[in-house]
Amino acid sequence: MEKAIVVKNLRKVYEGEVVAVDDVSFEVERGEIFGFLGPNGAGKTTTINILTTLVPPTSGEAYVGDHKVGEEDEEIRRIIGLVPQELTADDELTGWENIYLQGSLYGMSRSEIRSEARELLQMVGLEEAADRLVRTYSGGMRRRLELVMGLIHKPEILFLDEPTLGLDVQTRAHLWDHIRRVRSEYDMTIFMTTHYMDEADKLCDRIAIIDHGRIKAIGTPDELKRMVEGDLVIVRTVDGPPIDVRLDGVPGLKDYTIDGTEIRIRVEEGERATPAIIESLVSRGYQIRSVELVRPSLEQVFLTLTGRSIREEEALDTISYRVMMRRRRG
Amino acid sequence: MSGALWALTEREIKKWYRRRIAIVFTFITPLMWLALFGKSFNLLSLFRAPDDLPPEIVRTVQEVIDSIITRAFGTTDYFTYVATGMFTVFILFTSMFSGMSLIFDRRLGFLNRLLVSPVKRETIYLSRVLATVIRSILQFTGLFIIAIALGINLGPGVGPLHIFLTYLNLALVAYIFSSIFISMMLRVTEHDTAISMANLLNLPLMFASNSIFPEEQMPSWLKTVALLNPISHSNEVVRTLLIRGSLEIPVTSLAYLLGLALVSTVMGLYLSRRYLR
Ligand SMILES: Nc1ncnc2c1ncn2[C@@H]1O[C@H](COP(=O)(O)OP(=O)(O)O)[C@@H](O)[C@H]1O
Ligand SMILES: [Mg+2]
């Protein structure tokens, strides 16, 4: 068993016209956090739905834990966990009741569920609230409950669909911590989707940028950023404008500009270039006040690859729509 | 995976008893029918011997009328006749909405939770059927107590065994109806569909049965429908047990109900495996 997930030329066309996933291929290594980064409607959820056996692909192949989607669905279902984009815990039940129900779907006994859940609830700080009806939870609490439910049977491969959608910055950062801890403690593979740049950047080992159902680029966050521009090293010197800067020996040098006492140097890899830059300036007698290493953001990468940026409102629209739907049904 | 079956059934039951107000509402319609037909339109009080005749003739005429009525209705008390018919109708009303929870689970995404798990699709389906049977039986107990309070005349010799068999029969009917209605809702995503279908079917199914009137008196086309209607057969069983106080359950009715249960089981299991995704 090598790869956790292998996807080859996957395609999904809804109702004969909407191409949700268009010839997508990628591989996910065991134990990594692999992220799909893309705007609303990019095909992230559709891909997850295919990999979790909910929706059959139109064409192409997918293997999850060496089992072929569409042929060995039952085997796949046994080893995966899904934390869906929508909040789908039953809000007429308590946290515990939801957890028991979830565990029993995987053939776990009540005592197994109890001991497993206690640890998880503690980790996400939900022990106190577990006896309350889910209806009384805040958005952040519900997300954390969803996470506990997705983990209760210790899946080999966990799917997280927009795990922090609609949460405030602080709550999101907490949830990232939980996700990192889960990965290291349970040694699982995580496939996640997000439209938050910072989330993909901070959480994922590797990212696939997806737009209109197509993968635009795959790589580590650093690789992706390097694809576009390289790093920027900004050096400020104490006195005078440096007139004869000579940076020939700097590895991976692209170009540089001088602005007063500030030199902005573009290089391929900041870590490798910085020592050489400092040395060359110091050897010429310049006194250095500060050195700053600026990495290009994923935001820029996305813009360059797709020609547009991921707008926040798009995401918010879906949330308020969902809330509305719930109210209407409520 | 019987743990999953019970856990899913338990969920349905829990959600049901937490909606106490909704439970009260489920009794309103059958009570209306009971009050309207059983108490207000007391059909059989129309048939009184004229009292301007000599007393012994009045008595004789009344006896003749009563024997005719008893032949048709099995009792001279119309309320008892309607009440025993309403039990099965009540089960129908309850079962008709048994597919609703599935539609909501689909809409709210809860169903996906079940579908990505290794739980058998048939288990998901059966849990709904089982929950409806349990719910129907508990609700029937409520209606039965109300009917006793309103003065239902149970036949002489009705004992615990008769009542136990009535329960079994009604559980069988709940099983048949809920299997059919849940099967029909496996692919449905709009709850309006379920409500419209229930509204379309409930009254015709009730009137085209012997619940409020014996089928012997019906026009022949209606009689045919009534004879195919499982409600009529269940009523036969219930009335044999509770009005006649007899244990000689009509074999054809019982066989018909068991046959339907078998067919609906096969159909439900097949359809749930195929369409529950
Ligand atoms: N069940 C469906 N039927 C038809 N079109 C769908 C369905 N689900 C998603 N789509 C369409 O497929 C595209 C991709 O959707 P989705 O996978 O949900 O994107 P994302 O999760 O990246 O926001 C969108 O255009 C969406 O409207
Ligand atoms: Mg999505």
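Select Thr45(A) to begin: this residue is partly exposed, with a relative accessible area of 26%, where partly exposed lies between buried, under 20% relative accessible area, and exposed, over 50%, for a 1.4 Å probe and protein chains only. This is a predicted model, in which local features need pLDDT of at least 70 and side-chain atom pairs count only at pLDDT 80 or more, while totals for chains, interfaces and linings use all residues. Residues are numbered from 1 along each chain as its sequence is written, chains are lettered from A and ligands numbered from 1 in the order in which they are written, and side-chain values use heavy atoms, with hydrogens and water left out.

**The magnesium site**

Now add ligand 2, the magnesium ion, whose protein donors are OG1 of Thr45(A) and OE1 of Gln85(A), lying 1.9 to 2.1 Å from the ion. Donors here are N, O and S atoms within 2.8 Å of the metal (3.2 Å for Na, K and Ca), and because water is not among the atoms, sites may look incomplete. Thr45(A) lies in helix H1 (residues 44–51) of chain A and Gln85(A) in the loop between strand E6 (80–83) and H3, so the pair ties together parts that are 40 residues apart in sequence. Helices (H or I, at least four residues) and strands (E, at least two) are DSSP runs, numbered from the N terminus. Gln85(A) is buried, with a relative accessible area of 12%.

**Helix H4 of chain A**

Select residues 110–124 of chain A next. The 15 residues of this helix, at 1.5 Å a residue, should span 21 Å, and the end C-alpha atoms are indeed 21 Å apart; the expected span is 1.5 Å times one less than the number of residues. Among the buried residues of H4(A) are Ile113(A), Leu120(A) and Met123(A), and the buried residues of this helix pack against H3 (95–105), H5 (139–151) and H6 (169–186) of chain A, contact meaning heavy atoms within 4.5 Å. After H4(A) comes Gly125(A), whose phi is positive, near 70°. The charged end of Arg110(A) sits over the ring of Tyr100(A), 3.9 Å from the ring centre, a description that requires NZ of Lys or CZ of Arg within 6 Å of the centre and within 35 degrees of the ring normal.

**Chain B and its rings**

Moving to chain B, you will find 12 helices and 0 strands, and a C-alpha trace that spans about 80 × 35 × 35 Å along its principal axes. Buried residues make up 51% of its 277 residues. Select Arg11(B), whose charged end sits over the ring of Phe110(B), 3.8 Å from the centre of that ring.

Over all chains the structure holds 15 aromatic pairs, that is, rings of Phe, Tyr and Trp (its six-membered ring) with centres within 6.5 Å, called stacked if the planes are under 30 degrees apart, edge-to-face if over 60, and tilted for the rest. One of them joins Tyr78(B) and Tyr81(B), stacked at 6.1 Å centre to centre with 15° between the planes. These two residues are separated by about one helical turn, because they are 3 residues apart in helix H4 (residues 78–96) of chain B. Both Tyr78(B) and Tyr81(B) are buried. Then select Phe177(B) and Phe181(B), a tilted pair at 6.4 Å centre to centre and 35° between the planes, which lies in helix H8 (residues 160–184) of chain B, 4 residues apart.
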